[in-house]
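Student: I should like to learn how to read the features of a protein model, one after another. Please give the general idea each time, and then the case at hand.

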Amino acid sequence: MAPIAKKSAKGKGPKVTRKFVINASQPASDKIFDVSAFEKFLNEKIKVEGRVGNLGETIKISQVGDGKIEIIAHNELSGRYLKYLTKKFLKKMQLRDWLRVVSTSKGVYELKFFNVVNDAEEEDEE
């Protein structure tokens, strides 16, 4: 029996549009996080079809309000990938020790400070 060739469904089917929000308003208000530099970093680093800088019309990145970045993707883009890129930016700016990326709801990520107040109190008791 001859092998059956599978038809690829590439380019067919409904378009997927996903919206992500990265909220960095808390560190941005304390002037330790540069939102415009982060937006530029995302524009340079997001890969589309295995290539960096290939955003085109498929992914739109914009700054919304103070400290919020909105990413609208018309293709498959995972939230884990955005979280990974956010952590990479924090490491580059040497902010990874003070900030963490937390998913507050589906498609929304927030940059929060680590709670270091409790650690200081424990050291005082010793």
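Tutor: We begin with exposure: a residue is buried under 20% relative accessible area, exposed over 50%, and partly exposed in between (1.4 Å probe, protein chains only). The model shown is predicted, so local features need pLDDT of at least 70 and side-chain atom pairs pLDDT 80 or more, while totals for chains, interfaces and linings use all residues. Residues are numbered from 1 along each chain as its sequence is written, and side-chain values use heavy atoms, without hydrogens and water. As a case, Lys60 has 39% relative accessibility and is therefore partly exposed.

Student: What share of the 126 residues in the protein chain is buried?

Tutor: Buried residues amount to 29% of the 126 residues in the chain.

Student: How many helices and strands does the protein chain have?

Tutor: Helices (H or I, at least four residues) and strands (E, at least two) are DSSP runs, numbered from the N terminus. In this chain there are four helices and seven strands. Read from the N terminus, their order is β-α-α-β-β-β-β-α-β-β-α.

Student: How many salt bridges does a search of the whole structure find?

Tutor: Side chains of opposite charge can pair when their charged atoms come close. For a salt bridge, a side-chain nitrogen of Lys or Arg must be within 4 Å of a carboxyl oxygen of Asp or Glu. The search of the whole structure gives three such pairs.

Student: Which residue meets Lys19 in a salt bridge, and why does the pair tie together parts that are 51 residues apart in sequence?

Tutor: The partner of Lys19 is Glu70, with 3.2 Å from N to O. Lys19 belongs to strand β1 (residues 18–23) and Glu70 to strand β5 (residues 68–73), so the salt bridge links parts of the chain 51 residues apart in sequence. The two ends differ in cover: Lys19 is exposed, at 52% relative accessibility, whereas Glu70 is buried, at 18%.

Student: Which residue forms a salt bridge with Lys40?

Tutor: Lys40 pairs with Glu44, and their closest N and O atoms are 3.4 Å apart. Both residues lie in helix α2 (residues 35–45); being four residues apart there, they are separated by about one helical turn. Lys40 is exposed, with a relative accessible area of 53%, and Glu44 is partly exposed at 38%.

Student: Where does Lys60 find its partner?

Tutor: The side chain of Lys60 meets that of Glu57 in a salt bridge, at 2.9 Å from N to O. Glu57 is exposed, with 63% relative accessibility.

Student: How far away is the nearest side chain of opposite charge for Glu39, which has no salt bridge?

Tutor: For charge, Lys and Arg count as positive and Asp and Glu as negative, while His and the chain ends are not counted. Glu39 is located in helix α2. Glu39 is buried, and the nearest side chain of opposite charge belongs to Lys40, 11 Å away. As to its neighbours, contact means heavy atoms within 4.5 Å. Leaving aside residues up to four places away in sequence, Glu39 touches Ile61, Ser62, Gln63 and Ile69.

Student: What does Thr86 touch, not counting residues up to four places away in sequence?

Tutor: With that exclusion, Thr86 is in contact with Ile22, Phe38, Val101 and Leu111. Thr86 is part of helix α3, which spans residues 79–92. Its relative accessible area is 2%, so Thr86 is buried.

Student: Is Lys83 buried or exposed?

Tutor: Lys83 is buried, with a relative accessible area of 19%. Lys83, too, is placed in helix α3. Beyond residues up to four places away in sequence, Lys83 touches Val101 and Tyr109. Lys83 and Tyr109 are 26 residues apart in sequence, while their C-alpha atoms are 7.6 Å apart in space. In the chain as a whole, 55% of the contacts with a separation of 6 or more join residues 24 or more positions apart.

Student: Finally, which value of phi does Lys31 have, and where is Lys31 placed?

Tutor: Phi of Lys31 is near 65°, a positive value in a residue other than glycine. Lys31 sits in the loop between α1 (25–29) and α2, and is exposed at 73% relative accessibility. Glu49 also has a positive phi, near 55°. Glu49 is found in the loop between β2 (47–48) and β3 (51–52), and its relative accessibility of 75% makes Glu49 exposed.
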